[in-house]
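Me: I've got a structure open and want to talk it through. Can we start with the strands?

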Amino acid sequence: MTHSFPTGFWWGSASSAPQTEGNTLGGGKSATVWDHWFAEQPNRFHQNVGPQDTSTFYQHWREDIALLKRVGHNSFRTSISWARLIPEGRGAVNPEAVAFYNQVIDEMLAQGITPFINLFHFDMPMVMQQIGGWENREVADAYAEYAETCFRLFGDRVKHWFTFNEPVVPVEGGYLYDFHYPNVVDFKRAATVAYHTMIAHAQAVQRYRQLDQGGDIGIILNLTPSYPRSENPADVKAANIADLMFNRSFLDPALLGKYPEELVDLLKSHHQLPECRSGDRELLAQGVVSLLGINYYQPRRIKCRDSLVNPDSPFMPEWFFENYEMPGRKMNPHRGWEIYEKGIYDILTNLRTEYGNPRCFISENGMGVENEQRFIENGQVQDDYRIEFVREHLQWVHKAIQEGSQCLGYHMWTFIDNWSWCNAYKNRYGFIQLDLTTQTRSVKKSGEWFAQVSRANGF
């Protein structure tokens, strides 16, 4: 075996409540922003498929957890739905939700699968969005109460908690680039949303530590390395600003407990800083995590702008850089994303050299492919492209570990073909194929391969 991994390495996958549970307005759950947006504008969703049509984990959790075991998982991340657990956003806890999550956690443990539980995966309860969502500091306080409720209910068994998954995405999608509700394009509001998210995060971390439950509390960030087109100072500066805005705006507070001065100065000079309160600096310093999840799919290629900014256009990150399509890059032809395996190594190396080598793991990495039915032979999806994708990323993870990186695991996105935000089921990512009409689950070739890798702890 050329690549063997450290003893106790976490092998598994990741998913989320809004993308798998289904039963989206049943079982006592209230509407999230997704339920609301789909009711208002179903045409914004691929083939008009909304959040009610997810992979029915709410009904099939027992057989799905058996499948996790079958494909070699020793750990698995999912999320708790705030709108399911506390339908009014604050106050009364929904007993049906408590029973459901208890069953899921207990069954995972019974099957020898360590639960990794995330508290927020883009699924703001509509009752909270109606009072401003993350623009309103009260929502951060409500979130901290929700987080503490989860710790008290499930923290005796769950020892790996995460406050947020990819917190930059609701900022980009909801407040900059119009691909998530509430479809606002306003940088200052986006900055406020980002800031209040980290205030909420720090409050949750603080509450977890006060309860002294002896587990890890972390955050999951999609760290996308920004590579400059060239060594020209203008390109290098552009890539640095992209890195500040999309990576370090969350990474620095999560690992260092403070924001990069350079970012603060940049936003201040353009009058885009969110409102801060006294005591915030001390609060953010308490939000340093004990475990970092890293989601990596593709690199960010950056060049300096070739044209002047229209001064009447909305202030945007792209005032400072442009995206660059590198000639000869390797592509996932099915999804239109660049494949750059070394990026995962560059992230781990940067964390080791610049951030004191935190305990971390790859919390998502995956390959979405459209119309996988064309690869079915003898009833099984022959997804050799996915096996190759995972293997080549794991080789770079292995190299980073050899060099001293504290990377403790690898979770694939995702376990079962699931519903994806506005894309519904257009691109499939799972180890398990889902037949939408019958809800039948079948293991793809990659699932069998992953089980072998996990059991051998290497390949």
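Me: How many bridges join β5 to β7, and do they run parallel or antiparallel?
Reply: Five bridges join them, and the two strands run parallel. Keep in mind that this is a predicted model.

Me: Which residue in β7 is the bridge partner of isoleucine 220?
Reply: That is glycine 293. Glycine 293 also has a bridge partner in β12, namely phenylalanine 361.

Me: How many bridges join β7 to β12?
Reply: Four, and these strands run parallel too. Strand β12 covers residues 360-364.

Me: Is β7 buried or exposed?
Reply: Buried. Five of the five residues of β7 (residues 291-295) are buried, so the strand is largely enclosed by the rest of the structure.

Me: Which residues of β7 sit on which side?
Reply: Leu291, Gly293 and Asn295 are on one side. Leu292 and Ile294 are on the other. Both faces are covered.

Me: Why two sides at all?
Reply: In a regular strand, side chains alternate between the two faces of the sheet.

Me: OK, what does β5 pair with besides β7?
Reply: β4 pairs with β5 in the parallel sense, over four bridges. Asparagine 165 has isoleucine 220 in β5 as its bridge partner.

Me: How many residues of β4 are buried?
Reply: Six of its six, so "mostly covered" fits this strand (residues 160-165).

Me: And which residue in β4 does isoleucine 117 stand opposite?
Reply: Tryptophan 161. Three bridges join β3 (residues 114-118) to β4, and the two run parallel.

Me: Switching topic. Which residues touch the most other members of the largest nonpolar core?
Reply: Trp82, Trp134, Tyr143, Phe154, Trp161 and Leu292. The core has 138 residues. Helix α9 (residues 187-211) gives the most to it, with 13 residues.

Me: Is there another core apart from that one?
Reply: There is, made of six residues. Among them are Phe162, Ile220, Leu291 and Phe361.

Me: Why would nonpolar residues group like that?
Reply: In soluble globular proteins, nonpolar side chains tend to be buried together.

Me: What does tryptophan 82 touch?
Reply: Leaving out residues up to four places away in sequence, its contacts include Phe120, Met124, Met128, Trp134, Tyr143 and Tyr146. Pro87, Gly89 and Pro125 are also among them.

Me: Where is serine 81?
Reply: In the loop between β2 (75-79) and α4 (82-85). Serine 81 is buried, with a relative accessible area of 3%.

Me: What is serine 81 in contact with?
Reply: Setting aside neighbours within four places in sequence, serine 81 contacts Ala17, Glu21, Lys29, Tyr101, Asp123 and Tyr146.

Me: On to helices. How many residues of α8 are buried?
Reply: Eight of the eight, so this helix (residues 168-175) is largely enclosed by the rest of the structure. The buried residues include Pro170, Glu172 and Tyr175.

Me: What covers the buried residues of α8?
Reply: The cover includes α6 (126-129), α9, β5 (216-222), α10 (233-256) and β8 (300-303).

Me: At roughly what angle do the axes of α10 and α11 cross?
Reply: Roughly 110°, and the axes come within 10 Å. That makes α10 roughly perpendicular to α11.

Me: Which residues meet there?
Reply: From α10, Asn240, Ile241, Leu244, Met245, Arg248 and Ser249. They meet Glu262, Leu263, Leu266 and Leu267 in α11.

Me: Back to sheets. What is the strand order in the open sheet of three strands?
Reply: The order is β6-β8-β9, with mixed pairing. The edge strands are β6 (226-228) and β9 (322-323), and each pairs on one side only.

Me: What packs on that sheet?
Reply: α10 does, touching β6 and β8. Its direction makes about 170° with that of β6.

Me: How do β8 and β9 pair?
Reply: In the antiparallel sense, over two bridges. Isoleucine 302 stands opposite asparagine 323 in β9.

Me: Last thing. How many disulfides does the structure hold?
Reply: Zero. Cysteine 360, for one, is in no disulfide. The nearest cysteine sulfur, that of cysteine 407, is 4.9 Å away.

Me: Is cysteine 360 buried or exposed?
Reply: Buried, at 1% relative accessibility. Cysteine 422 counts as buried too, at 18%. Why does 18% qualify? Because buried means under 20%.

Terms used:
Residues are numbered from 1 along each chain as its sequence is written. This is a predicted model: local features need pLDDT of at least 70, side-chain atom pairs count only at pLDDT 80 or more; totals for chains, interfaces and linings use all residues. Side-chain values use heavy atoms; hydrogens and water are left out. A nonpolar core is a set of buried Ala, Val, Leu, Ile, Met, Phe, Trp, Tyr and Cys residues joined through side-chain atoms within 4.5 Å. Buried means under 20% relative accessible area, exposed over 50%, partly exposed in between (1.4 Å probe, protein chains only). Contact means heavy atoms within 4.5 Å. Two strands pair if DSSP finds at least two bridges between them. Axes are lines fitted to C-alpha atoms, for helices over the stretch in contact, and angles run from 0 to 180 degrees between N-to-C directions. A disulfide is a pair of cysteine sulfur atoms within 2.5 Å. Angles under 35 degrees count as roughly parallel, over 145 as roughly antiparallel, 65 to 115 as roughly perpendicular and the rest as oblique.
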